[in-house]
Amino acid sequence: MWDTSQVFFERMSEYSPKLLESLGETAIMMGLAMLAALFIGLPLGTLLFLTAKGKPLENIWLYRIANLFVNIVRSFPFLLLVIAMQPAIRFFYGRATGDPIAASFPMMLIAIVLYARFVEQSLLDLPKDLLETAESMGATTFQLVSRFLFPEARSSLVIGFTTAFVSFLSYSTIMGVVGGGGIGDFAIRYGYQRYETDVMYAAIFLIIVFVEIIQRLALALARKLDKK
């Protein structure tokens with residue numbers, strides 16, 4: 001038992017530089033996906049809500065186009081989406097694999113549509129008289145969103161972003177299949193392909209711990225915001 005543990009720690013010590021590099025690559029992919037979700041997914045989800053039937057900016061054609069885009073990307077199997085996007089990524093970025101930034105493009109796309117749907121649902125769950133109150137007070141569209149919708153939905157938006165974040169992390173591990181780098185690539189290359197399952201399970205354990213920490217912090221923040 002001691003010999004097995006000693007071999008494991010020696011192996012992890014040997015792989016630690018590559019493990020840290022892989023974690024850095026995952027951080028880049030996750031960071032770009034999160035920024036895309038916040039700066040594009042949040043407005044897109046808000047647009048879906050505002051342009052739906054019976055809403056302040058009702059526009060059925062704009063809603064249908066945005067909704068169709070979200071539905072198509074969400075229903076696309078992620079691995080196939082990655083493969084399908086490679087020619088476009090290679091054309092615009094110069095390379096499609098082996099680089100965390102190149103690997104981030106399909107992740108950013110899926111992050112945008114996932115969080116957009118979470119945002120739309122969070123806003124739909126708000127009390128219907130909230131729009132009437134804002135309208136009676138003469139609120140502009142910007143004021144409606146910034147002073148009524150987002151403050152009332154802040155707790156739900158945080159929980160939705162956390163749920164999306166866990167999905168982003170899962171998608172980042174898939175990038176290892178196409179040589180996109182990150183912790184998933186580390187687990188496959190140094191664990192699965194070399195039949196060193198202990199290394200693979202160690203990488204999986206790190207992912208689980210990271211997800212658990214993020215979820216606990218986000219839920220604590222959501223509860224705090226819900227009390228305000």
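This passage describes the fold, one kinked helix, selected residues and the two largest pockets of a predicted model.

The chain contains 8 helices and 0 strands. Read from start to end, its elements therefore follow the pattern α-α-α-α-α-α-α-α, helices being DSSP runs numbered from the N terminus. The C-alpha trace spans about 75 × 45 × 20 Å along its principal axes. The chain has 228 residues, and 43% of them count as buried. Among contacts with a separation of 6 or more, 73% join residues that are 24 or more positions apart. The surface exposed by the chain amounts to about 13000 Å², and carbon and sulfur atoms supply 65% of this area.

Helix α3 covers residues 78-93 and contains a kink of about 45 degrees at Gln86. The kink lies shortly before a proline, Pro87. Gln86 is also one of the buried residues of α3, together with Phe78, Leu81, Val82, Met85 and Ile89. The cover over the buried residues of this helix includes α2 (60-75), α4 and α6. Leu80, which is placed in α3 as well, has a relative accessibility of 48%. Leu80 counts as partly exposed because this value falls between the limits of 20% for buried and 50% for exposed. Leu80 and Phe49 are 31 residues apart along the chain, and their C-alpha atoms are separated by 29 Å. After α3 comes Gly94, with a positive phi near 100 degrees.

Two residues of helix α4 were examined, beginning with Ala102. Ala102 has a relative accessibility of 0% and so counts as buried. Between Ala102 and Leu169 there are 16 Å in space, C-alpha to C-alpha, and the two are 67 residues apart in sequence. The other residue of α4 is Arg117. Arg117 is a charged residue by class, yet its relative accessibility is 16%, so Arg117 counts as buried; the cut-off for this term is under 20%. With neighbours within four places in sequence left aside, the contacts of Arg117 are Leu48, Asn67, Val70, Asn71 and Arg74.

Gly41 belongs to helix α1. Its relative accessibility is 0%, and Gly41 therefore counts as buried. Apart from neighbours within four places in sequence, Gly41 is in contact with Ala36, Ile112, Tyr115 and Ala116. Gly41 and Glu212 are 171 residues apart in sequence, and their C-alpha atoms are 24 Å apart in space.

The packing of the chain leaves pockets, of which two are described here. The largest pocket has a volume of about 290 Å³. Its lining consists of 19 residues, and those nearest its centre are Phe49, Lys55, Pro56, Leu131 and Leu144. The elements giving two or more residues to this lining are α4 (100-124), α5 (129-136) and α6 (141-174). The greatest contribution comes from α5, with 5 residues. By class, the lining of the largest pocket is made up of 12 nonpolar, 3 polar and 4 charged residues. Phe49, named above for its separation from Leu80, is thus one of the residues nearest the centre of this pocket.

The second largest pocket has a volume of about 170 Å³. The residues lining this second pocket are Leu23, Thr26, Ala27, Met30, Leu169, Ile183, Leu206, Ile207, Val209 and Phe210. Helices α1 (2-51) and α8 (197-227) each supply at least two residues of the lining. By class, this lining has 9 nonpolar residues, 1 polar residue and no charged residue. Leu169, part of the lining of the second largest pocket, is the residue whose C-alpha atom lies 16 Å from that of Ala102.

Methods
Residues are numbered from 1 along each chain as its sequence is written. This is a predicted model: local features need pLDDT of at least 70, side-chain atom pairs count only at pLDDT 80 or more; totals for chains, interfaces and linings use all residues. Side-chain values use heavy atoms; hydrogens and water are left out. On a 1 Å grid over the protein atoms alone, a cavity is a set of points where a 1.4 Å probe fits but cannot get out, and a pocket is an open set with protein on both sides within 12 Å along at least five of seven lines; lining residues have an atom within 4 Å of a point. Grid points are joined across faces, edges and corners, and a volume is the space filled by probe spheres set on the points. Helices (H or I, at least four residues) and strands (E, at least two) are DSSP runs, numbered from the N terminus. Buried means under 20% relative accessible area, exposed over 50%, partly exposed in between (1.4 Å probe, protein chains only). Contact means heavy atoms within 4.5 Å. Accessible areas come from the Shrake-Rupley method with a 1.4 Å probe; for residues, only the protein chains shown count as cover. The bend at a residue is the angle between axes fitted to the seven residues ending there and the seven starting there.
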